[in-house]
Amino acid sequence: MAPDPEQPTLSSLGKVGKSSGEIGGVEEPLLNGGIHTSENYSLVSAIFPFLFPALGGLLYGYDIGSTSCATISIKSATLSGISWYNLNSVDIGLITSGSLYGALIGSVLAFNIADFLGRRRELILAAFLYLVGALVTALAPAFAVMVIGRFVFGIGIGLAMHAAPMYIAETAPSHIRGQLISLKEFFIVLGMVGGYGIGSLLVDTVAGWRYMYVASTPLAVIMGIGMWWLPASPRWLLLRAIQGKGSMQELRETAICCLCRLRGEAIGDTAPAKVDEILAELAVVGEEKEVTLAEVFRGKCLKALTIGAGLVLFQQITGQPSVLYYAASILQSAGFSAASDATRVSILLGLFKLIMTGTAVLVVDRLGRRPLLLGGVSGMVISLFLLGSYYIFLDNAPVVAVAALLLYVGCYQLSFGPIGWLMISEIFPLRLRGRGLGIAVLVNFGANALVTFTFSPLKALLGAGILFYAFGVIAVVSLLFIFFIVPETKGLTLEEIEAKCL
């Protein structure tokens with residue numbers, strides 16, 4: 001059996017030297033007064049440590065898109081291919097939100113097992129649950145079995161959305177870290193568009209919903225094999241070393257080997273010095289102490305939790321699910337023929353979201369996190385008040401609604417969409433990162449569930465116009481939160497973020 005790459009050996013690496021794909025870094029002062037070793041890396045070697053974790057996001061997005069089409073297929077007497085097609089609204093709700101319930105459980109599990117398993121093994125487990133969940137759902141002989149499959153798939157979502165940003169943040173070169181983590185949001189949107197597209201092709205096929213779900217299994221297998229092949233996060237290994245959870249010398253040597261694999265030949269002979277820098281900075285910021293549950297809610301840990309959980313909370317409660325719910329009716333009122341086909345509308349909006357997310361990916365490490373958040377959320381505020389005005393005062397001006405819809409979607413994908421996930425992956429101190437990100441992901445999925453479940457009764461009680469005004473007010477509060485609370489992390493190493501921003 002091939003050795004587990006969690007423990008590579010120095011002899012297996014051979015000599016490392018310069019590469020034609022080398023990119024050099026700039027020497028900067030260390031937190032302890034020394035000088036940073038130049039952060040050299042090969043672009044080719046940086047691709048896979050991003051790509052395989054990002055497949056977890058792609059599968060999450062695919063589940064959203066394909067399920068919206070699968071629920072149409074499974075209710076059809078002629079096309080469902082099953083005898084239990086006569087499902088009521090509660091049953092459909094369980095199919096749709098079953099993965100959300102699973103993701104909530106996955107987030108709770110991640111809080112308890114993340115630092116024990118490590119980022120790499122957590123992603124391998126997520127890939128396995130993706131595979132099992134998709135197969136159980138696709139082959140389900142009865143409704144109850146299908147719901148179990150959706151739940152298992154959802155646990156995989158919770159683990160993947162917790163571990164993927166951590167692994168990418170801890171292994172990426174610092175000056176492209178923002179682009180890579182933001183690109184994970186691009187993969188989520190790409191998965192949604194792919195789910196809508198494949199679903200639209202299969203929705204008129206007998207038992208098409210089974211094919212929609214089984215179509216995700218090859219990606220789950222690729223993700224699992226890829227994560228098995230990738231090395232562990234060097235920072236996670238060093239955290240275990242300074243907390244006395246293994247031999248310092250052995251874990252340091254393993255971290256050096258892992259860093260060489262992650263950076264490629266371009267790192268040359270600087271890997272030991274880089275590992276020693278990380279160890280020194282971890283000691284300066286006090287990472288040798290193991291975090292307790294009570295400490296999560298004190299001091300710099302509490303500040304990081306406030307920033308991270310606050311961002312993902314506002315990401316969900318500023319109305320994104322509600323705005324997208326109205327997308328088809330808004331476009332239909334403006335006379336777009338595609339609006340009569342919900343799937344086509346979803347694909348069109350998904351492509352627009354891809355473009356705007358791609359724009360954020362390109363500029364996040366040049367402009368920084370705060371400018372994108374402040375500018376994007378400001379645009380969301382304007383769009384939400386325009387949507388509220390449309391439903392109360394301007395119902396004869398559908399062009400206003402269409403403009404507001406596109407403004408909202410575009411600004412969300414420039415700000416909360418990618419930057420929320422980016423900030424929670426880099427703001428937490430290393431020893432808190434597993435638990436802190438677990439709480440943040442739990443808040444994200446919990447807030448998503450809250451908005452989803454309260455939207456219909458609030459709409460009936462207040463009306464669409466007042467509801468959008470309320471979301472606009474919440475967006476203003478989120479703007480103040482960003483301005484006064486959220487720091488700029490552009491260009492800083494993870495250890496510098498902890499020392500300077502918390």
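The following exchange explains how several terms apply to this predicted model.

User: What should a reader know about the model and its numbering?

Analyst: This is a predicted model in which local features need pLDDT of at least 70 and side-chain atom pairs count only at pLDDT 80 or more, while totals for chains, interfaces and linings use all residues. Residues are numbered from 1 along each chain as its sequence is written, and side-chain values use heavy atoms, with hydrogens and water left out.

User: Why is Phe52 called buried or exposed, and what is Phe48 called?

Analyst: Buried means under 20% relative accessible area, exposed means over 50%, and partly exposed lies in between, with a 1.4 Å probe and protein chains only. Phe52 has 11% relative accessibility, so it counts as buried, whereas Phe48, at 35%, counts as partly exposed.

User: What makes the pair of Phe48 and Phe52 stacked?

Analyst: Rings of Phe, Tyr and Trp (its six-membered ring) pair if their centres lie within 6.5 Å, and planes under 30 degrees apart count as stacked, over 60 as edge-to-face and the rest as tilted. The centres of Phe48 and Phe52 are 5.6 Å apart and their planes stand at 15°, so the pair is stacked. Both residues lie in helix α1 (residues 43-74), four residues apart, about one turn of the helix, and ring pairs link Phe48, Phe52 and Trp229 into a cluster.

User: Why is the pair of Phe314 and Phe481 called tilted?

Analyst: With ring centres 5.5 Å apart and planes at 50°, the pair is tilted, because this angle falls in neither the stacked nor the edge-to-face range. The pair links distant parts of the chain, with Phe314 in helix α11 (residues 299-317) and Phe481 in helix α19 (residues 464-485), 167 residues apart.

User: How do you know that the charged end of Arg261 sits over the ring of Trp229?

Analyst: A charge sits over a ring if NZ of Lys or CZ of Arg is within 6 Å of the ring centre and within 35 degrees of the ring normal. The charged end of Arg261 is 5.4 Å from the centre of the Trp229 ring and is placed over that ring.

User: What makes a set of residues a nonpolar core, and how many residues has the largest?

Analyst: A nonpolar core is a set of buried Ala, Val, Leu, Ile, Met, Phe, Trp, Tyr and Cys residues joined through side-chain atoms within 4.5 Å. The largest has 105 residues, and those with the most contacts inside it are Tyr130, Met223, Leu311, Phe416 and Phe445. Its largest share, 13 residues, comes from helix α4 (residues 143-171).

Conventions: Helix = DSSP H or I, 4+ residues; strand = E, 2+ residues; numbered from the N terminus.
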